[in-house]
Amino acid sequence: MSVLFRTSGTMQAPAFVLRRGGGGLGAVRMPATIAVIERPDGLVLVDAGWSRSQCAWPERDPGRAKTLFLGLDVKPEDAIASQLLSLGYSPGDVKHIVATHLHIDHIGGAADFPKATVHCAETEWAATWRRGRPSYDPRALDLPTVQRWSFTGPAALGFGASHDLFGDGTVLLLDARGHTEGSTAVAVKLAGEGWMVHAGDAAMFADDVRDDASKPPSLYMRALSWSIPAQRETYARLDAAEREHGARLVPAHDWDVYNALPHTREEAWPCAWTRVKKPKR
Ligand SMILES: [Zn+2]
């Protein structure tokens, strides 16, 4: 059992918009990182990027203005449903999609998996209903099967609360609020002692976590974060997960981190699923 990573196209924006403490006019290229987790009973995606139709015709959806604003560069084959075929999987193999949050660049691709169960934090779901921010994708509310969780489980990996997705300790959902109200970091148990933590946009870049905590927030954070103080706390927790618990941190939009990740089944990181029971047939 294993985990590998793909990106659903790329986005880009000027460094002075995205980087904490400012930056130059140069463009920062960003992946939309999706984790593909293989389990005995099927695939789990962490985030889903953009859908087939969005990748084929972004001018129509998400539309010209957002395509320009996000510096979105997608081709038809960039949808994760298409990429799974090239990896030797079928889109029907996807049983679960965990949303780190419900922004359009993270959940659009879920539309291509109508039989999968989408998992989302209750607080994130409620925030989407309120539609207080334009970056939410209200179509997430139309997904056929959505399971919502609350962070009622014990502290884990430096986070104050968690939710054990499958009840077997292999996938822990961590309360990483800040970027959005229900932002979630997804910890996957790797073979041996380690963890992989997909941070979603709780940290867009590894430097968000590793930089001096006093660095001022980015323009992007000022414009879009639900709570900058909460986001700073989450940065500290992700830092602790990395330094004290040895977790491999995967921010959703860090191109350098993404390039060093496994992208094929041959390279995939082995996971620990010894406690997973085989499904009854
Ligand atoms: Zn994002």
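**Note on the predicted model: sheet, zinc site and local features**

1. Strand E1 covers residues 2–14, and 11 of its 13 residues are buried, so the strand is largely enclosed by the rest of the structure. This description, like everything below, concerns a predicted model. Strand E1 is a useful place to begin, since its two pairings lead into the sheet described next.

2. Which strands pair with E1? One partner is strand E2 (residues 27–39), which runs antiparallel to E1 and is joined to it by 11 bridges. Within this pairing, Gln12 faces Arg29 of E2. Another partner is strand E12 (residues 269–270), again in the antiparallel sense, with two bridges. Here Val3 stands opposite Trp269 of E12.

3. These pairings belong to an open sheet of seven strands, whose order is E6-E5-E4-E3-E2-E1-E12 and whose pairing is mixed. At the edges stand E6 and E12, each of which pairs on one side only. In general, the strands of a sheet pair through backbone hydrogen bonds, in either a parallel or an antiparallel sense.

4. Towards the E6 edge, the reader may turn to strand E5 (residues 117–121), where five of the five residues are buried. Are the faces of E5 covered or open? Both are covered: Thr117, His119 and Ala121 are buried on one side, and Val118 and Cys120 are buried on the other.

5. The neighbours of E5 in the sheet may be followed residue by residue. Strand E4 (residues 94–98) pairs with E5 in the parallel sense over three bridges, and Ile97 has Val118 in E5 as its bridge partner. E5 also pairs with E6 in the parallel sense, over four bridges. Val118 has Val146 as its bridge partner in E6, while Ala121 stands opposite Trp149 of E6. Val118 therefore has a bridge partner in Ile97 and another in Val146, and its side of E5 is buried.

6. Which residues coordinate the zinc ion? Asp105 (OD), His106 (NE2), Asp201 (OD) and His253 (NE2) do so, at 2.1 to 2.2 Å. Along the chain, these donors follow the spacing D-H-x94-D-x51-H. Asp105 belongs to helix H5 (residues 104–107), whereas Asp201 is in the loop between strand E10 (195–200) and helix H7 (206–210), so this pair ties together parts that lie 96 residues apart in sequence. Asp105 and Asp201 are both buried.

7. Why is the arrangement around the zinc ion irregular? The angles subtended by the four donor atoms run from 90 to 163°, which makes it so. A tetrahedral assignment would require all angles to lie between 85 and 135 degrees.

8. Two residues other than glycine deserve inspection for their backbone angles. Asp47 has a positive phi, near 70°, and is found in the loop between strand E3 (42–46) and helix H2 (52–56). Its relative accessible area is 1%, so Asp47 is buried. Leu157 likewise has a positive phi, of about 50°, although it is not a glycine. Leu157 is placed in the loop between strand E6 (146–149) and strand E7 (162–164), and is buried with a relative accessible area of 9%.

9. A further backbone feature is the peptide bond from Asp61 to Pro62, which is cis, with omega near 15°. Pro62 is found in helix H3 (residues 59–70).

10. How many disulfides does a search of the whole structure find? The search finds zero. Two cysteines may be noted here for their burial: Cys55 is buried, with a relative accessible area of 1%, and Cys271 counts as buried at 9% relative accessibility.

11. Finally, the confidence of the prediction should be considered. The protein chain has an average pLDDT of 91, and 94% of the residues score at least 70. Among the elements of the chain, the highest mean pLDDT, 98, belongs to helix H10 (residues 255–259), and the lowest, 85, to helix H8 (residues 219–224). Over residues 275–279, pLDDT stays under 50, and the model has seven contacts beyond four places in sequence for these residues.

Key
Residues numbered from 1 in each chain as written. Predicted model: local features only at pLDDT ≥ 70, side-chain atom pairs only at ≥ 80, totals over all residues. Heavy atoms only, no water. Donors = N, O, S within 2.8 Å, 3.2 Å for Na, K, Ca; no water. Tetrahedral: all angles 85-135°; square planar, octahedral: opposite > 155°, others 65-115°. Buried < 20%, exposed > 50% of the residue type's maximum accessible area, 1.4 Å probe, protein only. pLDDT = per-residue confidence, 0-100. Contact = heavy atoms within 4.5 Å. Disulfide = S-S within 2.5 Å. Pairing = 2+ DSSP bridges.
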